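Ready to work through a structure by hand? Below is a set of short exercises, each followed by a solution in steps. Have a go at each one before reading on.

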Amino acid sequence: MADNPFAEFSLERAIGLRWTLRDIQAGRLKLSPVSDEDLRALTGLGLIELNDDGPLLTPAGAAVLNG
């Protein structure tokens with residue numbers, strides 16, 4: 001992937017955010033709650049949207065995981 005949305009983060013933080021995206025995609029939020037800080041970071045990157053049902057991947061977020 002030419003455009004890495006996690007380039008500004010440390011490797012450890014980038015890996016954690018990628019795992020958070022996977023947890024959101026798989027609906028594992030009850031088992032792996034997402035921190036407010038992670039939600040803010042992923043929302044700021046445009047990778048998730050927050051709605052009444054919880055966080056959902058945007059097309060950009062899905063592309064990060066599938067790319």
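**Exercise 1. The overall layout**

In what order do the elements of the chain run from the N terminus on?

Solution. Keep in mind that you're looking at a predicted model. Start by counting: the chain has three helices and two strands. Now walk along from the N terminus, and you'll read off α-α-β-β-α. Next, check the overall size. The radius of gyration is 11 Å, close to the 11 Å that the globule rule gives for 67 residues, so the chain is as compact as a globular protein of that length. For another view, take the principal axes: the C-alpha atoms fill a box of roughly 30 × 25 × 20 Å. Last, look at how the chain meets itself. Of the contacts with a separation of 6 or more, 46% are between residues 24 or more positions apart.

**Exercise 2. Helix α1 and its run-up**

Find what comes before α1, then describe the helix and what follows it.

Solution. Begin with Ser10, found in the segment before α1. Ser10 has a relative accessible area of 45%, so it falls in the partly exposed class. Its side chain reaches the backbone nitrogen of Arg13 at 3.2 Å.

Now the helix. α1 has 16 residues and spans 23 Å from its first C-alpha to its last, close to the 22 Å expected at 1.5 Å a residue. Its buried residues are Ala14, Leu17, Thr20, Leu21, Asp23 and Ile24. What lies over them? The cover includes α2, β1, β2 and α3. Finish at the far end: just after α1 comes Gly27, with a positive phi of about 70°.

**Exercise 3. A threonine in a helix, a threonine in a loop**

Is Thr20 buried or exposed, and how does Thr58 turn out?

Solution. Place each residue before judging it. Thr20 sits in helix α1, while Thr58 is in the loop between β2 (54-57) and α3. The cut-off you need is that buried means under 20% relative accessible area. Thr20 has 8%, so it is buried. Thr58 has 9%, so it counts as buried too.

Then list the partners, skipping neighbours within four places in sequence. Thr20 is in contact with Val34, Asp38 and Leu42. Thr58 is in contact with Gly46, Leu47, Ile48 and Glu49.

**Exercise 4. The two sides of α2**

Which residues of α2 are buried, and which exposed residues does the face turned away from them carry?

Solution. Pick out the buried ones to start: Asp38, Leu39, Ala41 and Leu42. Look down the helix axis and you'll find them within an arc of 165°, so they line one face of α2. Now flip to the face turned away from that buried side, where the exposed residues Asp36, Arg40 and Gly44 are carried. Back on the buried side, the cover includes α1, β1 (48-51) and β2. After the helix comes Gly46, whose phi is positive, near 75°.

**Exercise 5. The largest nonpolar core**

Which residues touch the most other members of the largest nonpolar core, and which element gives the most to this core?

Solution. The core has 13 residues, and those touching the most other members are Phe6, Leu21, Leu42, Leu47 and Ile48. Now sort by element: α1 (11-26), α2 (36-44) and α3 (59-66) are the elements that give two or more residues. Of these, α1 gives the most, with four residues.

Zoom in on Leu21. Leaving aside neighbours within four places in sequence, Leu21 is in contact with Phe6, Leu42, Leu47, Ile48, Leu57, Gly61, Val64 and Leu65.

**Exercise 6. A leucine in a strand**

Work out how Leu57 is placed and what it meets.

Solution. Leu57 lies in strand β2. Its relative accessibility is 22%, so Leu57 counts as partly exposed. Setting aside neighbours within four places in sequence, its contacts are Leu21, Ile24, Gln25, Leu47, Ile48, Ala62 and Leu65. Finally, try one distance: Leu57 and Ala7 are 50 residues apart in sequence, and 19 Å apart in space from C-alpha to C-alpha.

Notes:
Residues are numbered from 1 along each chain as its sequence is written. This is a predicted model: local features need pLDDT of at least 70, side-chain atom pairs count only at pLDDT 80 or more; totals for chains, interfaces and linings use all residues. Side-chain values use heavy atoms; hydrogens and water are left out. A nonpolar core is a set of buried Ala, Val, Leu, Ile, Met, Phe, Trp, Tyr and Cys residues joined through side-chain atoms within 4.5 Å. Buried means under 20% relative accessible area, exposed over 50%, partly exposed in between (1.4 Å probe, protein chains only). Contact means heavy atoms within 4.5 Å. The arc is that of the directions from the helix axis to the C-beta atoms. A polar contact is a pair of N or O atoms within 3.5 Å; within protein, one must be able to donate a hydrogen and the other to accept it, and residues adjacent in sequence count only if both atoms are side-chain atoms. The expected span of a helix is 1.5 Å times one less than its number of residues. The radius of gyration is taken over C-alpha atoms; the globule rule is 2.2 Å times the number of residues to the power 0.38.
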